[in-house]
Amino acid sequence: EARADIQIGAIRAASVSGVVLTSNGSPAGDALITLSSDAVSMGVSAVLAGTPPLMVSGHTLPDGTFMLPAVPPGPYTLQASAQDITVTAGMPTETAAMPLVVTGSDMSGITVVTAPPVTIEGGFVADAGVSQPLPPRLGVSASAVYGGLSRMNMSGNGTFRIAGMPGPVHLQVTGLPEG
C-alpha cells in the first residue's frame with residue numbers, strides 16, 4: 001500500500017509556428033515537422049492517452065510555413081525533413097534539428113533551414129616522433145547531436161568515410177590502445 005499526493009494545476013499549451021527553408025533558401029513545402037520531448041530522453045516520462053508521450057508532428061504548407069498547436073511546456077527537439085527537388089536528383093532528404101524550450105507562451109517566427117546530409121572523411125596519422133605503427137583496428141563512430149542516428153566506419157588502411165549523417169555530429173575514435 002502506498003500513498004501519494006499529486007497536485008494538478010492548469011498549464012497553458014502553446015502553439016509553435018514558423019517556416020522551413022531548404023539549403024538553397026526556397027520554402028520547404030510538405031516538409032515533415034516533429035517536436036519531440038527531451039524530458040523523455042532525460043529519464044522523465046509520463047503515460048498520456050493518444051500519441052506517444054509529448055510528441056507533436058505535422059507538415060509544412062506549400063510556402064514552408066508550419067504551426068504545431070497544443071504543445072505543453074518543456075524542452076523539445078524540433079526536427080524538419082524536406083526533399084529539395086532543386087538539388088541534384090537522387091540526393092537524400094535534407095534535414096535540420098534544433099533545441100526548443102516551450103514555456104507556455106505561443107512561439108512564432110521560428111526559421112528552420114535544412115541541409116543535405118554530411119560526409120565526413122579523414123585519415124589517421126601518428127604524431128611527429130611516434131615510432132610505433134598505428135593500431136590496425138582504428139575506427140570512427142559518428143552520432144547525430146539531435147535525432148539519435150549513428151554510424152561507424154572501421155578501416156584497416158588508416159582512413160575513414162562516414163556518409164549520410166545529418167549535422168551537427170559527435171565523432172569518437174575507436175580502437176585506440178590504452179594510454
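Strands, like helices, are taken here as DSSP runs, a strand comprising at least two residues, and are numbered from the N terminus. The model under consideration is predicted, and the description below concerns its sheet and two residues with positive phi.

Three strands make up an open sheet, arranged in the order 4-1-7 and with mixed pairing. The edges of this sheet are formed by strand 4, covering 65–71, and by strand 7, covering 107–113, each of which pairs on one side only. From one strand to the next, the twist averages 25°. Strands of a sheet pair through backbone hydrogen bonds, in either a parallel or an antiparallel manner. Strand 1, which spans residues 14–21, runs antiparallel to strand 4, and five bridges join the two. With regard to individual partners, G18 has F66 of strand 4 as its bridge partner.

The edge strand 4 also contains A70, a residue other than glycine for which phi nonetheless takes a positive value, near 55°. The side of this residue open to solvent can be stated in terms of its relative accessible area, which is 55%, and A70 is therefore classed as exposed, the cut-off for that class being over 50%.

A positive phi is likewise found at D30, which is not a glycine and for which the angle is about 60°. D30 is located in the loop that lies between strand 1 and strand 2, the latter covering 32–37. With a relative accessible area of 57%, D30 is exposed.

Note on methods. Residues are numbered from 1 along each chain as its sequence is written. This is a predicted model: local features need pLDDT of at least 70, side-chain atom pairs count only at pLDDT 80 or more; totals for chains, interfaces and linings use all residues. Side-chain values use heavy atoms; hydrogens and water are left out. Two strands pair if DSSP finds at least two bridges between them. Helices (H or I, at least four residues) and strands (E, at least two) are DSSP runs, numbered from the N terminus. Axes are lines fitted to C-alpha atoms, for helices over the stretch in contact, and angles run from 0 to 180 degrees between N-to-C directions. Buried means under 20% relative accessible area, exposed over 50%, partly exposed in between (1.4 Å probe, protein chains only).
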